[in-house]
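User: Please take a close look at a single part of this model and describe how its strands are arranged, covered and paired. I would then welcome a connected account of how other parts of the model compare in layout.

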Amino acid sequence: MTPRDASENSSPWSDLERPPLNVAALRRGLVREGSLWSEVDVVRRTGSTNSDLVERALKGQAGEGAVLVAEEQTAGRGRLDRQWSAPARSGLFFSVLLKPGEGVPVERWGWLPLLTGVAVAAGLSRAAGVDTALKWPNDLLVKVGGEERKAGGILLERAGDGGVVIGVGINVTLREAELPVPTAGSLALAGAVSTDRETLLRGVLRSLDDWYGRWRAAGGDAGLCRLQEAYAAGCATLGRTVRAELPGDRFVVGEAVAIDSDGRLILATPDGLREPVGAGDIIHLRPAG
């Protein structure tokens, strides 16, 4: 796919509060000896960085550590094929290609979205000064005026037998009037000390490099590399009463009490059972505590 220009009639500098990314500076900061990141590309506009990077991977045009960033994404997808888009240069919209196959059993790859959440939250905490909580399994939450709002999400897709593409979308400078729904938020609305997207992207990708390296070195054992502990510590779902919408039009209501060794959410149901949830849509029904 060849990404289209953002617009024939607009300049990347049309909104001075949202300058374009400097790809040369990003490459200097990220593509270096000892780094996971092997290449960084920035396109002005595309439908989905995930779709584009999966296509490149399947054609042999991208290797592990490839990073694809879009200034504007018009057909971004979340879980359950939900559509997602945002104004040009208002956020970070990027995908990375990882190949964990050597040394990490496939059954442990389900930790990758949770690992990415931990890495993104840590990177944003350092670079933006914003506490980012994790809603199981793949949402990033911030506080805006004391209210919990979704500021980003994570989507994993397989790219052939040995690869996965992980897409991340983060609302950075989205203004109140631009929010797609009242429950959305952004780093700016959450009081970020910095909304410089290059600084934020470098911070997030360096954090992801660190956590991915620890996880691989542990053979994908989330307990051994302390990923399971880190995720539980930052998970806003734990301690809450939730409704889990499950495949097959089934649902379970219970208190989210733990994240198990497979990355599943454990619910304590009113009838005294503990039910593991490995896939589903989670609705927070009551605040923690």
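Analyst: Strand 8 (residues 147–158) and strand 9 run antiparallel and are joined by seven bridges. The model is a predicted one, and the description below rests on values computed from it.

Within this pairing, Leu155 has Gly167 of strand 9 as its bridge partner. The two strands form a hairpin with five residues between them, and Gly160, which lies in the turn, has a positive phi of about 80 degrees. Strand 9 also pairs with strand 5 (residues 91–98), again in the antiparallel sense, over eight bridges. Phe93 finds its bridge partner in Gly169 of strand 9. Strand 9 is therefore bridged both to strand 5 and to strand 8, pairings of a kind that form through backbone hydrogen bonds in any sheet.

How far is strand 9 covered? Eight of the eight residues of strand 9 (residues 164–171) are buried, so the strand is mostly covered. Cover extends to both of its sides: Val164, Ile166, Val168 and Ile170 point one way, Val165, Gly167, Gly169 and Asn171 point the other way, and all are buried. Gly167, the bridge partner of Leu155, and Gly169, the bridge partner of Phe93, both belong to the second of these sets.

A further sheet is open and holds five strands in the order 13-12-11-10-14, with antiparallel pairing. Strand 13 (274–277) and strand 14 stand at its edges with a single partner strand each, so one side of each has no neighbour in the sheet. From one strand to the next, the twist averages 45 degrees. Inside this sheet, strand 11 and strand 12 (residues 265–268) run antiparallel and are joined by four bridges, and Ala258 stands opposite Ile266 of strand 12.

This sheet also contributes to the surface. Phe251, Val253, Ile283 and Leu285 form a nonpolar patch there, with about 320 Å² of accessible area together. Strand 11 (250–259) and strand 14 (281–286) are the elements that give two or more residues to the patch. Phe251, which is found in strand 11, has a relative accessible area of 43% and is partly exposed.

The loop between strand 12 and strand 13 contains Asp271. This residue is exposed, with a relative accessible area of 58%. Its side chain makes a polar contact of 2.3 Å with the side chain of Thr269, and a polar atom of the Asp271 side chain lies 3.4 Å from the backbone nitrogen of Leu273. Between Asp271 and Arg32, the separation is 239 residues in sequence and 54 Å in space, C-alpha to C-alpha.

Helix 2 (residues 49–58) completes the account. Its buried residues are Thr49, Asn50, Asp52, Leu53, Val54 and Ala57. At the start of helix 2, a side-chain oxygen of Ser48 comes to within 3.3 Å of the backbone nitrogen of Asn50. Just after the helix, Gly60 takes a positive phi of about 75 degrees.

Methods. Residues are numbered from 1 along each chain as its sequence is written. This is a predicted model: local features need pLDDT of at least 70, side-chain atom pairs count only at pLDDT 80 or more; totals for chains, interfaces and linings use all residues. Side-chain values use heavy atoms; hydrogens and water are left out. Patches are made of residues with over 30% relative accessible area and no salt bridge: like charges are joined within 9 Å, nonpolar side chains (Val, Leu, Ile, Met, Phe, Trp, Tyr) within 5 Å. Accessible areas come from the Shrake-Rupley method with a 1.4 Å probe; for residues, only the protein chains shown count as cover. A salt bridge is a side-chain nitrogen of Lys or Arg within 4 Å of a carboxyl oxygen of Asp or Glu. Buried means under 20% relative accessible area, exposed over 50%, partly exposed in between (1.4 Å probe, protein chains only). Two strands pair if DSSP finds at least two bridges between them. Axes are lines fitted to C-alpha atoms, for helices over the stretch in contact, and angles run from 0 to 180 degrees between N-to-C directions. A polar contact is a pair of N or O atoms within 3.5 Å; within protein, one must be able to donate a hydrogen and the other to accept it, and residues adjacent in sequence count only if both atoms are side-chain atoms.
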